[in-house]
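Q: Hi! Could you walk me through this one while I have it open?

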Amino acid sequence: MPEGHTVHRIARQLGLDLVGHRLAVSSPQGRFAAGARRLDGQLLVASRAVGKQLFLEFESGDVLRVHLGLYGAWDFYGRLTPLTPGAVARGSMGAPRLRRAVRMGEDEREVGADAGIDHPFPPEPVGQVRVRLASAETVADLRGPSACEVLDPSQAALAVARLGPDPAADLAEWPGYAPLSNPSTNGQATDAALGSAPSPRSVMIDRLTSRSVAVGQLLMDQSVVAGIGNIYRAELLFRARLDPHTPGRRVPRETAGALWDDWAVLLAEGIRTGVIITRDLTPTEHTDALTDPTLRNWVYHRTGLPCLVSGTPVVVEEMANRNLYWCPTCQK
DNA sequence: TCATCATGCCGAT
DNA sequence: TCGGCCTGATGAT
């Protein structure tokens, strides 16, 4: 299930295998029939992720905006370009081109490398497929999204502008969009002096430190910083040894900046591997963690277990309508 | 085999 | 604050 890293991986997969192709767009489920008609037959020109949202730009300027919500996912069939070495993959890497399906939207796994050989292409839709994007060789099926809509360019720009900065978004190449998320600059204090647009990092710091809401809530607020979900929230706070209840206003700017920097590192690593590993592990442990979720994190899903640093039992409480895991000894 | 829960978020109430 | 989305993993039965 999707925090920002997953959506970036999906954007990249679609970028590799469907961008530059003229697509057959359909809605086997029927709930997106009108939108599918509007996009059917168009060239897909760009695939971008901002936070947890996916923006697919077509030649007409129409943009398909997708949010996976809690259990949305993309299923890929047919020819797929391997994303990144080091990613979670069962079966051989760089194996045969033909794969029955690769699911993205949860911890990813590849269904047997040659499982598709006996199956027709394109395959029958499985379950409630809201949208199918199909080139001659690759099919991407979207199921269970919480948002799936066609926007015109100005509506899409508005949707992006409503989001906080994302360290992995490269909006510089997206003409007309908020100049918020150019990750190449990390502008410390020079923005004003240079008269340039504020850096994403400084935007995040400003938004996080200007409110009295608990930092544990602010990290989940997609207008403060985009892409962080419940796991990354808990783990970022632990890594910073920060009490989740600290009001944003009381978080020193240096601490807020360190949170941004750490998020950028964790996100990049999540995009690379496809899983959320937040502990500092040896290479061997890291390999084990790719297949064993219980090895990956400091506090997430570890209620009652001893904190790996202090030994204090990890506690869970509700914050921002979600379970928040933290160590009362380390984070104060 | 069944019930519950989950890495999210929106809109109705 | 609650239900919807309508999936898949997990743990209880």
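A: Happy to, and keep in mind that this is a predicted model. Let's begin with Phe-238: with a relative accessibility of 0%, Phe-238 counts as buried.

Q: And Trp-298, is that buried or exposed?

A: Trp-298 counts as buried, because its relative accessibility is 14% and the cut-off for buried is under 20%.

Q: OK, how many aromatic pairs turn up in the whole structure?

A: Three. In one of them, the ring centres of Phe-238 and Trp-298 are 5.3 Å apart with the planes at 25°, so this pair is stacked. Phe-238 belongs to helix α7, while Trp-298 is in the loop between α9 and β11, 60 residues apart.

Q: What sits over the ring of Trp-298?

A: The charged end of Arg-279, 5.9 Å from the ring centre.

Q: What about Tyr-300 and Tyr-325, how is that pair arranged?

A: Edge-to-face, with 5.2 Å from centre to centre and 70° between the planes. Tyr-300 is in the loop between α9 and β11 and Tyr-325 in strand β12, so the pair ties together parts 25 residues apart in sequence. Both Tyr-300 and Tyr-325 are buried.

Q: Switching to the DNA: which residues come nearest to strand C?

A: Of the 10 residues around DNA strand C, those are Arg-31, Tyr-71, Arg-103, Arg-130 and Arg-143. By class, the surface there has six charged, three polar and one nonpolar residue.

Q: What does Arg-143 reach on strand C, and what does Tyr-71?

A: A side-chain N or O atom of Arg-143 is 2.6 Å from a phosphate oxygen. For Tyr-71, a side-chain N or O atom is 2.9 Å from a base nitrogen.

Note on methods
Residues numbered from 1 in each chain as written. Chains lettered and ligands numbered in written order. Predicted model: local features only at pLDDT ≥ 70, side-chain atom pairs only at ≥ 80, totals over all residues. Heavy atoms only, no water. Near = heavy atom within 4 Å. Polar contact = N/O pair within 3.5 Å; in protein donor to acceptor, adjacent residues only side chain to side chain. Nonpolar A, V, L, I, M, F, W, Y, C, P; charged D, E, K, R; others polar. Phe/Tyr/Trp six-rings, centres within 6.5 Å; stacked < 30°, edge-to-face > 60°. Helix = DSSP H or I, 4+ residues; strand = E, 2+ residues; numbered from the N terminus. Buried < 20%, exposed > 50% of the residue type's maximum accessible area, 1.4 Å probe, protein only. Lys NZ or Arg CZ within 6 Å of the ring centre and 35° of its normal.
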